[in-house]
Amino acid sequence: WYQRRVHGHDAELLRKYIYGGHIGEYMEQMEEDDEEMYKSHFARYIDADVNNENMEETWQGVYDKIRADPAHKKSDRKKPAVNKLKKAKLNASQRKNRIAQKMATFASKQE
């Protein structure tokens with residue numbers, strides 16, 4: 001807040017963040033440092049042929065499409081898998097019975 005009031009807005013910096021310039025810089029740095037991690041981390045960008053050179057054009061195209069038709073469209077994504085392994089809670093008598101069965105099993109193995 002203080003810096004904004006005293007120094008004003010930096011339009012170039014804001015443009016860089018809006019159009020993904022910071023992501024492009026990170027992609028370039030990671031590509032130089034660790035190629036394998038770059039390929040795993042930015043796999044979807046690579047599949048879509050997006051790299052640090054054409055990042056701004058890609059985001060400009062995205063923003064143009066949004067401005068052309070700003071209505072939200074439902075995507076065809078699959079719903080996440082439901083965890084069916086979760087057991088139902090046991091009531092008090094069921095818990096006591098379960099413990100008694102475990103104790104009986106343990107006692108029979110000790111004999």
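V50 touches four residues beyond its sequence neighbours: M27, Y45, M55 and T58, with residues up to four places away left out of the list. This contact set comes from a predicted model.

V50 also belongs to the largest nonpolar core. That core has 6 residues. Its other members are M27, M30, Y38, F42 and M55. Two of them, M27 and M55, are also among the residues that V50 touches.

**Overall build**

The protein has 7 helices and 0 strands. From the N terminus on, the order of elements is α-α-α-α-α-α-α. The protein is more spread out than a compact globule, because its radius of gyration is 28 Å, well over the 13 Å that the globule rule gives for 111 residues. The C-alpha trace spans about 80 × 40 × 40 Å along its principal axes.

How much of the protein counts as buried? The share is 8% of the 111 residues. The accessible surface comes to about 10700 Å². Carbon and sulfur atoms hold 54% of that surface.

Contacts also reach along the chain. Among contacts with a separation of 6 or more, 43% join residues 24 or more positions apart.

Charge is the next topic. The protein carries 22 positive and 19 negative charges. The mean positions of the two sets are 23 Å apart.

**Two residues outside the core list**

R15 lies in helix 2, which covers residues 11-18. It is partly exposed, because its relative accessibility is 38%, between the cut-offs of 20% and 50%. R15 and E56 are 41 residues apart in sequence. In space, their C-alpha atoms are 9.4 Å apart.

D49 sits in the loop between helix 5 (43-47) and helix 6 (55-68). Is D49 buried or exposed? D49 is exposed, because its relative accessible area is 60% and the cut-off for exposed is over 50%. The backbone of D49 deserves a look too. Its phi is near 55°, a positive value in a residue other than glycine. Most residues other than glycine have a negative phi.

The table sets the two accessibilities side by side.

| Residue | Relative accessibility | Class |
|---|---|---|
| R15 | R15: 38% | R15: partly exposed |
| D49 | D49: 60% | D49: exposed |

How values were computed. Residues numbered from 1 in each chain as written. Predicted model: local features only at pLDDT ≥ 70, side-chain atom pairs only at ≥ 80, totals over all residues. Heavy atoms only, no water. Helix = DSSP H or I, 4+ residues; strand = E, 2+ residues; numbered from the N terminus. Rg over C-alpha atoms; globule rule 2.2 N^0.38 Å. Buried < 20%, exposed > 50% of the residue type's maximum accessible area, 1.4 Å probe, protein only. Contact = heavy atoms within 4.5 Å. Areas by Shrake-Rupley, 256 points an atom, 1.4 Å probe, with all protein chains shown as cover. Lys, Arg positive; Asp, Glu negative; His and termini not counted. Charge placed at Lys NZ, Arg CZ, Asp CG, Glu CD. Core = buried A, V, L, I, M, F, W, Y, C linked by side-chain atoms within 4.5 Å.
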